[in-house]
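Colleague: Got a minute to go through this one with me? I have a few questions, in no special order.

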Amino acid sequence: MFVWSKKLVGVLLGIFVLLLGVFLFQGSSDTTSILKTHTTQWIILNYACLLVWLFVWMFDQAHVRGKNVWLWLVPFILAPLPTLLIFVLFLQRRLSS
């Protein structure tokens with residue numbers, strides 16, 4: 001868990017926001033995609049399996065630390081990468097005794 005530094009998480013979140021902004025401002029093009037349907041379905045299947053694996057990891061990490069992971073489910077479905085990064089930061093914060 002200590003592999004994730006706050007600088008790394010900040011940089012990754014910044015890159016995500018920048019790429020999201022570029023994606024939103026690009027808009028749709030009039031050209032058709034050259035990707036085959038099965039290629040697109042394969043990418044979606046891999047992405048969905050990766051999301052399931054990440055949520056299982058989040059569940060495991062939260063369970064070990066005695067936290068509730070189900071509060072993170074909806075944000076994780078809507079935006080997986082930023083939610084994962086914020087979740088890691090949340091688990092790293094110091095507990096007040």
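Colleague: Is phenylalanine 55 buried or exposed?

Modeller: This is a predicted model, so every value here is computed from it. Phenylalanine 55 has a relative accessibility of 11%, which is under the 20% limit, so the residue counts as buried.

Colleague: And tryptophan 70, buried or exposed?

Modeller: Tryptophan 70 is exposed, at 52% relative accessibility. The cut-off for exposed is over 50%.

Colleague: How many aromatic pairs are there?

Modeller: The count is five aromatic pairs. One of them is phenylalanine 55 with tryptophan 70: the ring centres are 5.6 Å apart and the planes sit at 50°, so this pair is tilted.

Colleague: Why tilted, at 50°?

Modeller: Because planes under 30 degrees apart count as stacked and those over 60 as edge-to-face, with the rest called tilted. The 50° of phenylalanine 55 and tryptophan 70 falls in the rest.

Colleague: Which parts does that pair tie together?

Modeller: Phenylalanine 55 belongs to helix α2, while tryptophan 70 is in the loop between α2 and α3 (73–78), so the pair links parts 15 residues apart in sequence.

Colleague: What about tryptophan 72 and phenylalanine 87?

Modeller: Their ring centres are 5.2 Å apart with the planes at 80°, so that pair is edge-to-face. Tryptophan 72 is in the loop between α2 and α3 and phenylalanine 87 is in helix α4, so here too the parts tied together are 15 residues apart in sequence. Tryptophan 72 and phenylalanine 87 are both buried.

Colleague: Which residues form an aromatic cluster?

Modeller: Phe55, Phe59, Trp70 and Phe76 form one.

Colleague: Let's go to the core. What makes up the largest nonpolar one?

Modeller: It has 12 residues in all: Leu51, Leu54, Phe55, Met58, Ala62, Val69, Trp72, Phe76, Leu84, Phe87, Val88 and Leu91. Helices α2 (37–65) and α4 (80–92) each supply at least two of the residues in this core.

Colleague: Which helix gives the most?

Modeller: That is α2, with five residues.

Colleague: Why would nonpolar side chains be buried together?

Modeller: It is a general tendency in soluble globular proteins.

Colleague: What is valine 69 in contact with?

Modeller: Not counting neighbours within four places in sequence, valine 69 contacts Phe55, Met58, Phe59, Ala62 and Phe87.

Colleague: Different topic. How far apart are glutamine 61 and leucine 91?

Modeller: Their C-alpha atoms are 8.3 Å apart in space, with the two positions 30 residues apart in sequence terms. Glutamine 61 is in helix α2, and its relative accessible area of 15% makes it buried.

Colleague: And lysine 67 to leucine 91?

Modeller: That C-alpha to C-alpha distance is 8.7 Å, for residues 24 apart in sequence. Lysine 67 is placed in the loop between α2 and α3 and counts as partly exposed, at 30% relative accessibility.

Colleague: Where is there a nonpolar patch on the surface?

Modeller: Val11, Ile15 and Leu19 make one of about 280 Å². Isoleucine 15 is in helix α1 (residues 6–26) and is partly exposed, with a relative accessible area of 42%.

Colleague: Now the whole chain. How many helices and strands?

Modeller: Four helices and zero strands, which reads as α-α-α-α along the sequence.

Colleague: What share of the residues is buried?

Modeller: Of 97 residues, 20% count as buried. The chain exposes about 8000 Å², and carbon and sulfur atoms supply 71% of that area.

Colleague: Last one: what share of the contacts comes from residues 24 or more positions apart?

Modeller: Among contacts with a separation of 6 or more, 63% are between residues that far apart.

Notes. Residues numbered from 1 in each chain as written. Predicted model: local features only at pLDDT ≥ 70, side-chain atom pairs only at ≥ 80, totals over all residues. Heavy atoms only, no water. Patch = residues over 30% accessible without salt bridge, like charges linked within 9 Å, V, L, I, M, F, W, Y side chains within 5 Å. Areas by Shrake-Rupley, 256 points an atom, 1.4 Å probe, with all protein chains shown as cover. Salt bridge = Lys/Arg side-chain N within 4 Å of Asp/Glu carboxyl O. Buried < 20%, exposed > 50% of the residue type's maximum accessible area, 1.4 Å probe, protein only. Core = buried A, V, L, I, M, F, W, Y, C linked by side-chain atoms within 4.5 Å. Contact = heavy atoms within 4.5 Å. Phe/Tyr/Trp six-rings, centres within 6.5 Å; stacked < 30°, edge-to-face > 60°.
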